[in-house]
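Visitor: Please take one part of this model and go through it closely. I would like the strand at the heart of your choice first, then whatever surrounds it.

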Amino acid sequence: MTEPIRRPKRKNPVLRTRQPVLPPWPRSRVALGLTAVAADGRFALQVCTDCRAVQYPPREACHNCLSSSLAWRDQSGDGELISQTLLQHSHDLFFRERLPWRLGMVVLDCGPTVVVHLHGDVPPPPARVRVGARLDKAGMAVLVGFPEKDVANMADDKQLREMTCDPKFRKVLVTDGKSPVGQALVRGLAAAGADLIWVGYSEPWKRTAGFDELKSLPQVTLLPLDITDGRAVKELAGEIGGKVDILINNVELHRTSGIASRYGTDVARAEMETNYLGLLRLAQEFGPVMRARGADGQSSAVAWVNLLSIFALSNFPAHGTFSASKAAAYSLAQCLRAEMRPAGVRVINVFPGPIDDEWNQLLPPPKLAPAALANAVLAALRDGVEDIYPGDVAQEWIARFRENHKVLERELAVG
Amino acid sequence: MIADTRATYDGVAVAVPVTVPYVRYSIRSAHWFIARALAGLLAESGLAKQDVDGVCVSGFLLFPDTAVGLMQHLGLSPRWLDHIPMGGACGIVALRRAARAVQSGDASIVACLAGDTNHVDSFRQTIASFSQFARDAVYPYGSGGPNASFAFLTDYHMRTRGTRREDFGKLCVAQRANALKYPHALFRKPLSLEEYLAARPIAEPLRLFDCVMPCAGAEGFLVMSAERARRMGVNYVRILGTIERHNAYPDDPIQIRGGWALDRDALYGQAGVGPRDVNVVEVYDDYPVIVAMQLEDLGFCAAGDIGSFIRSRSFTVDGTFPLNTSGGQLSVGQAGAAGGYLGLVECLRQLTGVAADRQVPDATVGLVSGFGMINYDRGLCSGAAVLRRADS
């Protein structure tokens, strides 16, 4: 049984903060298909569309019939552990710093034999296991062998915690505590065992229902934060930047207009100031210090979460300028992801459908409850997922987008 | 034994075993070691460089060169050239290719060469980019290299075949005793079973003395017509039979046997001898589990009986089953691709009677086997050859 992790001791300021190192990241292009599906929290393998043979490791041609028609298809991951080893020596710095390291060889029920990182609660072979894909610290998909049934403290497994961003005992900054989503996030993080939660707020003269009550949570500290003010962001980063393990940027400005429905650029500029330049300011002030803390003990800097929108993928004309600002933020978040990767800090992009709030009043249901969005973000942190599309609308959009993004564009234009 | 319709290797001679002394690390390149092996072949045989009209090369660290670039490097102009990137099977495969080249007249004297260097960080770089499958699906999992791969095979073998640590230990201890009589072995101290069992764990169940040590060095031999060998007055060895196989038993979920099991009847059928006729055995030995697998697959004991087989034999040069008589890679060191030649070169010494104080008495028929290339979860290349001393 996995030992539950304990609250880490105060950091000794005399000791050097270790430099982050990553597990090996080179992959063939075809193997990146596994990463693409793992980023969504799925486990899929290539399946030959001609003869149905399941392939692993990833291939360019079917090992059975030589067809080149191989499609990534979701798999259950059920299989049998037939062999294991406990590594006490590694050629790679990342693993060398983390030995011993448990590995297994699993015969999947769907056919192939796979090498996996083996969870500590899986019994010795022969044993039934569930194999899933996770993104490792390098952002690349790896396979993990889990116990057949969930056990207590599973997430605290030492190896698994290197691939996830569980908020337990971590210090989190939520940039906006006033919105319903922000409040749900703070409450969810507190319930998930976050150690400290800094909660930003702007426009202090404006009272918001539920906000003052956050103060009663023992983990919470409220801090004034206006991400359109570069100096304010810089000062806050100077104050707490060196301690933030998880940064959740959920500030957003949402107005409902297209091009013709609102003359001038003032509102669009304000949306860009918050949704795009606000992210850029945060990234420039908090990014470097979080990068430096990618290997800072049990609770190192692990994740940066961006609240984007499903409208970032394809413009929703009724909310046209908002969509454009989120598209800009999405593009910048991809840049941030590339820049945080060398430190092993994961950038999680959240693409919700319309949230059930004031600015989506005129959109028909189903709309996403703030608590459901918060739960989805927490699950993404725990499962080490990189992109999430919470809510029925987002799920439908992403399915349409993946099938044919041009068709989706035309559907949205027609309304 | 089944009838074998392949052409024989009649009239082919294998001669002039050469070893370039091994070192743990070297600042020289693979080219340096292979050049020394070629120079050794010429010095031993009395041939001039121009007499060598066929060359067969193996070396992991020749990159970015292949055998082609090496020819200009060494100033050779062969009319037949082969490059065999098959790791631990390269010796057997080189022997097969070279013998056919000589028989067909495409070459008259083939220099078979394998060598590698070992820099302080070169082994890590080799395994990190060993193959596409390894890079995609093995190296990111703990980066244990071959230690981890063979740990899986060993763990499975012990669980399903009932082999014990002591069984593997007996092989390693006997090979060390043999190595003490081999001047080029890098391991110079005796090894006891207690030391073997108590060594530090590397990739459990493997411990230190289960794992081959990377080093630098080279090996070589010549293949020519028997008639030419007699004219030159060199001792030589005849080839009775050979096999090779790649990616055998792909449907086995984990490697518990290799291509030898598939092809051994063809081997002994061509050779006209059986396992009982063999006096000296040199099998590939980067890890003892693979020794056990070859002894089973090559018919020295029934599948599943390897544990009791090991317990009832002794494997030193003066034992009941002389095995890996130079100490094998486990006690000599693994000089990259030269590891695929080590057993073959030692077998040539045994069968030509130049193995000095580790000479197996009356060594007449020898068996050599090779195993190479853990591309993903198993070694893909297997090969074996049965050799006989020329004057018997």
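Guide: What follows starts at one strand of chain B and works outward to the domains, the chain contact and a helix of chain A.

This is a predicted model. Begin with β4 of chain B, residues 109-116. How many of its eight residues are buried? Eight of the eight are, so β4(B) is largely enclosed by the rest of the structure. Burial here requires 20 or more other C-beta atoms within 10 Å of a residue's own. Both faces of the strand are covered. One side carries B:Ile109, B:Ala111, B:Leu113 and B:Gly115. The other carries B:Val110, B:Cys112, B:Ala114 and B:Asp116. Note that B:Asp116 is among the buried residues.

Next, the strand partners. Strand β2 of chain B, residues 54-58, runs parallel to β4(B), and five bridges join them. In that pairing B:Val57 stands opposite B:Leu113. β7(B) pairs with β4(B) in the antiparallel sense, over eight bridges. There, B:Ile109 has B:Met224 as its bridge partner.

Now look at B:Leu113 itself. Leaving out residues up to four places away in sequence, B:Leu113 touches B:Ile34, B:Ala37, B:Leu38, B:Val55, B:Cys56, B:Val57, B:Ala218 and B:Gly220. B:Leu113 also figures in the largest nonpolar core, which has 250 residues. The members that touch the most others are A:Val377, B:Val14, B:Leu95, B:Val110, B:Leu113 and B:Val223. Two of those names, B:Val110 and B:Leu113, sit on opposite sides of β4(B). By element, α3(B) supplies the largest share of this core, with nine residues. In soluble globular proteins, nonpolar side chains tend to be buried together.

Step back to the domains. Chain B splits into domain 1 (12-121 + 216-232) and domain 2 (131-184 + 192-209 + 237-389). Their centres, taken over C-alpha atoms, are 23 Å apart. Across the boundary, 30 residues of domain 1 are in contact with 32 residues of domain 2. Which elements give two or more residues to the domain 1 side of that boundary? They are β1 (12-23), α3 (90-104), β4 (109-116) and β7 (216-225) of chain B. So the strand we began with lends residues to this boundary as well, as does its partner β7. By class, the domain 1 side has 19 nonpolar, eight polar and three charged residues.

Chain B also touches chain A. Here 31 residues of chain B are in contact with 31 residues of chain A. On the chain B side, the elements giving two or more residues are α4 (122-128), α5 (132-137), α6 (146-161) and β5 (201-204). α6(B) gives the most, with seven residues. The class split on this side is 18 nonpolar, six polar and seven charged.

β5(B) deserves a second look. Strand β4 of chain A, residues 78-87, pairs with β5(B) in the antiparallel sense over two bridges. A:Leu86 stands opposite B:Glu204 there. B:Glu204 has another feature: its peptide bond to B:Pro205 is cis, with omega near 10 degrees. B:Pro205 is found in the loop between β5 and β6 (206-207) of chain B.

Cross to chain A and its helix α8, which runs over residues 370-383. A:Pro366 lies in the loop between β14 (346-350) and this helix. The bond from A:Pro365 to A:Pro366 is cis too, with omega near 5 degrees. α8(A) has 14 residues and reaches 20 Å from its first C-alpha to its last, close to the 20 Å expected. Its buried residues are A:Pro370, A:Leu373, A:Ala374, A:Ala376, A:Val377, A:Leu378, A:Ala380 and A:Leu381. One of them, A:Val377, was named above for its contacts in the largest nonpolar core. The cover over these buried residues includes α4 (180-191), β12 (246-249), β13 (303-307), β14 and β15 (387-388) of chain A. Just after the helix, A:Gly384 takes a positive phi of about 70 degrees.

Two further positive phi values in chain A belong to residues other than glycine. A:Asn153 has phi near 60 degrees. A:Asn153 sits in the loop between β8 (141-147) and α3 (158-161). With 14 C-beta neighbours inside 10 Å, A:Asn153 counts as partly exposed. A:Phe169 has phi near 65 degrees. A:Phe169 is in the loop between α3 and β9 (171-174) of chain A. With 18 such neighbours inside 10 Å, A:Phe169 also counts as partly exposed.

Terms used: Residues are numbered from 1 along each chain as its sequence is written. Chains are lettered from A and ligands numbered from 1 in the order in which they are written. This is a predicted model: local features need pLDDT of at least 70, side-chain atom pairs count only at pLDDT 80 or more; totals for chains, interfaces and linings use all residues. Two residues are in contact if their C-beta atoms, placed from the backbone, lie within 7 Å. Helices (H or I, at least four residues) and strands (E, at least two) are DSSP runs, numbered from the N terminus. Ala, Val, Leu, Ile, Met, Phe, Trp, Tyr, Cys and Pro count as nonpolar, Asp, Glu, Lys and Arg as charged, and the others, Gly among them, as polar. Two strands pair if DSSP finds at least two bridges between them. A residue is buried if 20 or more other C-beta atoms lie within 10 Å of its own, exposed if 12 or fewer, and partly exposed in between; C-beta atoms are placed from the backbone. The expected span of a helix is 1.5 Å times one less than its number of residues. Domain bounds come from an automatic or database domain assignment. A nonpolar core is a set of buried Ala, Val, Leu, Ile, Met, Phe, Trp, Tyr and Cys residues joined through C-beta atoms within 7 Å.
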